[in-house]
Amino acid sequence: MVNTTINGNFISIEEDPDVSSGYDVAFITPNGIEVMDENVANVIEIIPLQEFKEILIGWRDFLLTPPLDGSRV
């Protein structure tokens with residue numbers, strides 16, 4: 001679903017209650033990323049998919065950037 005979001009194919013995202021594994025704190029749905037309360041009873045925030053896509057791209061780009069100006073660790 002992360003790749004689907006990055007590719008902008010939001011309509012094909014299916015609601016999957018298992019997406020967050022055993023943590024049950026957030027779900028990727030066609031409406032956005034639904035962040036749940038600690039009891040997983042109420043949605044406390046919805047992050048729009050476009051905003052989530054931008055966060056994912058930024059995180060991916062950060063992870064692909066070598067540390068210390070290209071030096072190896």
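Asp37 counts as buried, with a relative accessibility of 16%. The cut-off for buried is under 20%, so Asp37 falls on the buried side of it. The model is predicted.

**Asp37 and its surroundings**

Asp37 sits in the loop between strand 2 and strand 3. Its side chain makes polar contacts with two backbone nitrogens, those of Val40 and Ala41. The distances are tabulated here.

| Side chain | Backbone nitrogen | Distance |
|---|---|---|
| Asp37 | Val40 | 2.9 Å |
| Asp37 | Ala41 | 2.8 Å |

Beyond its neighbours within four places in sequence, Asp37 is in contact with Asn42 and Ile44. Val25 lies 12 residues from Asp37 along the chain. The C-alpha atoms of Asp37 and Val25 are separated by 6.9 Å.

**The sheet**

Three strands make up an open sheet. Their order is 1-2-3, and the pairing is antiparallel. Strand 1 spans 26-29 and strand 3 spans 43-47. Both stand at the edges with a single partner strand each, so one side of each has no neighbour in the sheet. From one strand to the next, the twist averages 20 degrees.

Strands pair in a sheet through backbone hydrogen bonds, in either a parallel or an antiparallel manner. Here, strand 1 and strand 2 run antiparallel. Strand 2 covers residues 32-36, and four bridges join it to strand 1. Thr29 has Gly32 as its bridge partner in strand 2.

Technical notes: Residues are numbered from 1 along each chain as its sequence is written. This is a predicted model: local features need pLDDT of at least 70, side-chain atom pairs count only at pLDDT 80 or more; totals for chains, interfaces and linings use all residues. Side-chain values use heavy atoms; hydrogens and water are left out. Two strands pair if DSSP finds at least two bridges between them. Helices (H or I, at least four residues) and strands (E, at least two) are DSSP runs, numbered from the N terminus. Axes are lines fitted to C-alpha atoms, for helices over the stretch in contact, and angles run from 0 to 180 degrees between N-to-C directions. Buried means under 20% relative accessible area, exposed over 50%, partly exposed in between (1.4 Å probe, protein chains only). Contact means heavy atoms within 4.5 Å. A polar contact is a pair of N or O atoms within 3.5 Å; within protein, one must be able to donate a hydrogen and the other to accept it, and residues adjacent in sequence count only if both atoms are side-chain atoms.
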